[in-house]
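Let's take a walk through this one together. Have the viewer open and follow along as we go.

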Amino acid sequence: MSSHDHDELDECVRALESVHAFLHNELLEADADMIRHHLHACERCMENFEIESTITEMIQRSQVPAAAPVTLTSRITRLSVRRRA
Ligand SMILES: [Zn+2]
């Protein structure tokens, strides 16, 4: 019986929950630091994080008007507005 396993899992859950906030720079520096540390120590979360950051990058790139057709850009903008409301 070790509580270490549980702690690790708890950190993984917290890291994954904060992935999006982290990628959008919405975290406090202390929280962002904690996640950075966890990612370096946890291969599984690092993998998940890389996938999420790739997706976020793709979305951000497609929101640049010069790089995407207007229809696509406005569709994405409408989507994110709807999600927040
Ligand atoms: Zn982890």
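What follows goes from the overall fold to the metal site, then to a helix pair and a few single residues.

Keep in mind from the start that this is a predicted model. The protein chain has 5 helices and 0 strands, so if you trace the elements from the N terminus you simply read α-α-α-α-α. The chain counts 85 residues, of which 22% are buried. As for how the chain folds back on itself, take the contacts between residues at least 6 apart in sequence: 44% of them join residues at least 24 apart.

Now go to the metal. Which atoms hold the zinc ion? The ion is coordinated by SG of C12, NE2 of H38, SG of C42 and SG of C45, at 2.0 to 2.3 Å. The angles among these 4 donor atoms run from 99 to 117°, and the site is tetrahedral. The tetrahedral label is earned because every one of those angles falls in the window between 85 and 135 degrees. Along the chain, the donors are spaced as C-x25-H-x3-C-x2-C. Two of the donors, H38 and C42, are buried.

Some of those donors also turn up where two helices meet. Helix 3 spans residues 29-41 and helix 4 spans residues 43-62. In general, a pair of packed helices is described by the angle between the axes and the distance between them. Here the axes come within 6 Å and cross at roughly 115°, so helix 3 and helix 4 count as roughly perpendicular to each other. On the helix 3 side the contact involves H38, L39, H40 and A41, while helix 4 brings E43, C45, M46 and F49. Sorted by class, this contact has 5 nonpolar, 2 polar and 1 charged residues. Notice that H38 and C45 take part in this helix contact and also coordinate the zinc ion.

Next, look at L23, which sits in helix 2. Is L23 buried or exposed? Its relative accessibility is 18%, so L23 counts as buried, the cut-off being under 20%. Leaving aside residues up to four places away in sequence, L23 touches F49, E52, S53 and T56. The C-alpha atoms of L23 and E52 are separated by 8.4 Å, although the two residues are 29 apart along the chain. For L23 and E57, which are 34 residues apart along the chain, the C-alpha separation is 9.1 Å.

Coming at this from helix 4, T56 lies in that helix and is buried, with a relative accessible area of 9%. With residues up to four places away set aside, T56 touches L23 and H24. E57 is in helix 4 as well, but it is partly exposed, at a relative accessible area of 41%.

One last stop is a backbone detail. Where does N25 sit? N25 is in the loop between helix 2, residues 19-23, and helix 3. N25 has a positive phi of about 55° although it is not a glycine. At 70% relative accessibility, N25 counts as exposed, whereas L23 in helix 2 counts as buried.

Terms used. Residues are numbered from 1 along each chain as its sequence is written. This is a predicted model: local features need pLDDT of at least 70, side-chain atom pairs count only at pLDDT 80 or more; totals for chains, interfaces and linings use all residues. Side-chain values use heavy atoms; hydrogens and water are left out. Donors are N, O and S atoms within 2.8 Å of the metal (3.2 Å for Na, K and Ca); water is not among the atoms, so sites may look incomplete. Four donors count as tetrahedral if all angles lie between 85 and 135 degrees; four count as square planar and six as octahedral if opposite donors are over 155 degrees apart and all others between 65 and 115; anything else is irregular. Buried means under 20% relative accessible area, exposed over 50%, partly exposed in between (1.4 Å probe, protein chains only). Axes are lines fitted to C-alpha atoms, for helices over the stretch in contact, and angles run from 0 to 180 degrees between N-to-C directions. Helices (H or I, at least four residues) and strands (E, at least two) are DSSP runs, numbered from the N terminus. Angles under 35 degrees count as roughly parallel, over 145 as roughly antiparallel, 65 to 115 as roughly perpendicular and the rest as oblique. Contact means heavy atoms within 4.5 Å. Ala, Val, Leu, Ile, Met, Phe, Trp, Tyr, Cys and Pro count as nonpolar, Asp, Glu, Lys and Arg as charged, and the others, Gly among them, as polar.
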